[in-house]
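Please open the structure in a viewer and keep the selection panel at hand. The tour proceeds by selection, one stop at a time.

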Amino acid sequence: MTLSWTPETWKTKPREQQFNYPDPTALQSALAELQALPPLVTSWEIETLKSQLAEAAAGKRFILQGGDCCERFDDCRSNVITNKLKILLKMSLVLVYGSNKRVTRVGRFAGQYAKPRSAALETRDGVSLPSYRGDLINGIEFTKEARTPDPRLMIRGYGRSALTLNFIRALAEGGFADLHHPELWDLSFVEHAEKSKEYMEIVNAVGNAIRFFETVMGSSLGDLNRIDFYTSHEALLLEYEAAQTRNPPRRGDRWYNLCTHFPWIGDRTRALGGAHVEYFRGIANPIGVKVGPSMKPDELIDLLNTLDPEDEPGRITLIHRFGAGKIEKFLPPLVEAVQRAEKTVVWCCDPMHGNTISTQSGLKTRDFADILSELTQAFDIHARLGSILGGVHFELTGDNVTECIGGARGLCEEDLGRAYESDVDPRLNYEQALEMALLIAKKMSLKRQA
Ligand code: PEP
Ligand code: CO
């Protein structure tokens, strides 16, 4: 039985991560303004991504999803965006080499502005204020004024998303032609790596393959190939998501979230019967579901039956995030349950969110070795069980930050203070992200040869 759905039915369900806007009239007026604006993405782009995800589910394509834990309005700047696209593009070329598959790039960007929090309040020196929930909801400054949820921020966030996406679309048309050539990449970290010879072999192989292709085609890859990037974010703030949920012409009764191509449900808001699942079940976008250690096999199948009763290929991506020490215990029962239920999903490994640790001084960090370990185990577990790891999901930046420890330069706790910029989760920096791609490529090419 399918219960009737509209972009508003989630309002009748219990909602995690709840907070209140103090002024209901201001909220209504912001939502009316948002509803009247043109969409950010189109239903045909969304359907193209869904068909690519269907290929990933079948093992014919690989998904690279990555970007900031939380975008900030102030980071809507050309160099920040360009660097993020560049690292995703380079990683994707390395992964094409490793997997021998086409790679779809999905950014955590152009709308990743709302964050789930573990506590509703933050206390400093005896003063308690609402927690910062992302630039889309309130301000980060520790004052009553900044921390009060402001619906006008949704309009600003929508504008920032549009500016980001506009720049991405312009660059995708040809601004990255040269980046196909690894000789133009910054690879100075490689000489510090234990596996430097192996890294250079992969980089050279990528360069040779591209030069061969260009010689045969008689023109540069950058001229031939528009570089697509799809957008994604955690669809946490349902008022915002619902305001741009449309039933476009000639799409029958299909409704699309036109804020982003690929919204996902966070690990904290995926309760069956909750508001977020109610919203997601009615939209036609491909959707991600974060899956952490508390997910039970039966619960997962109930969730899949609710979100994807027709078992539409490409519809569901399960983004698992257990931690290096937990994946062996928690992933296999879920894979087996999905296999028994004969469901089609893309399995995607997020090796970040189960591996967060705190330093002595209270900074959040992640160890490169734990991230790699969870990924390596993910490839092995899926191979052993006869399922397919179709993608990877990272928190990363194209800049030279120092937030995660480890990697070729051996960043340690003392280095973190140097350039720690994240206000939420720690990200891989440019070098760590590229090195991670080289290591996965190596793993995938060894698997192919086995
Ligand atoms: C995130 O992706 O930033 C996040 C909060 O993840 P999760 O829902 O998996 O904890
Ligand atoms: Co995060």
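The stops below cover three helix pairs and the surroundings of a ligand.

This is a predicted model, in which local features need pLDDT of at least 70 and side-chain atom pairs count only at pLDDT 80 or more, while totals for chains, interfaces and linings use all residues. Residues are numbered from 1 along each chain as its sequence is written, chains are lettered from A and ligands numbered from 1 in the order in which they are written, and side-chain values use heavy atoms, with hydrogens and water left out.

**First stop: α1 and α5**

Select residues 24-36, helix α1, together with residues 152-172, helix α5. Helices (H or I, at least four residues) are DSSP runs, numbered from the N terminus. The two pack at an angle of about 20 degrees, with their axes 8 Å apart; axes are lines fitted to C-alpha atoms over the stretch in contact, and angles run from 0 to 180 degrees between N-to-C directions. α1 is therefore roughly parallel to α5, a term for angles under 35 degrees. The contact (heavy atoms within 4.5 Å) is made by L27, S29, A30, L31, E33 and L34 of α1 and by R152, M154, I155 and Y158 of α5.

**Second stop: α12 and α13**

Next, select residues 368-385 for α12 and residues 430-449 for α13. Their axes lie 11 Å apart at an angle of about 25 degrees, and the helices are therefore roughly parallel to each other. Residues in this contact include F368, I371 and L372 of α12 and Q432, E435 and M436 of α13.

**Third stop: α6 against α13**

Keep α13 displayed and add α6, residues 196-217. How are α6 and α13 oriented to each other? They pack at an angle of about 85 degrees, with axes 10 Å apart, and are therefore roughly perpendicular, the term for 65 to 115 degrees. On α6, select E198, Y199, I202 and V203; on α13, select E435, L438, L439 and K442, which complete the contact.

**Final stop: ligand 1**

Select ligand 1 and the residues around it (a heavy atom within 4 Å): C69, R108, K115, P116, W264, G266, D267, K290, R321, H353 and E395. Three polar contacts (pairs of N or O atoms within 3.5 Å) may then be inspected. A polar backbone atom of D267 is 2.8 Å from an oxygen atom of the ligand. From the side chains, a polar atom of K290 lies 2.8 Å from a ligand oxygen, and a polar atom of E395 lies 3.1 Å from one.

Technical notes. Parallel < 35°, antiparallel > 145°, perpendicular 65-115°, else oblique. Polar contact = N/O pair within 3.5 Å; in protein donor to acceptor, adjacent residues only side chain to side chain.
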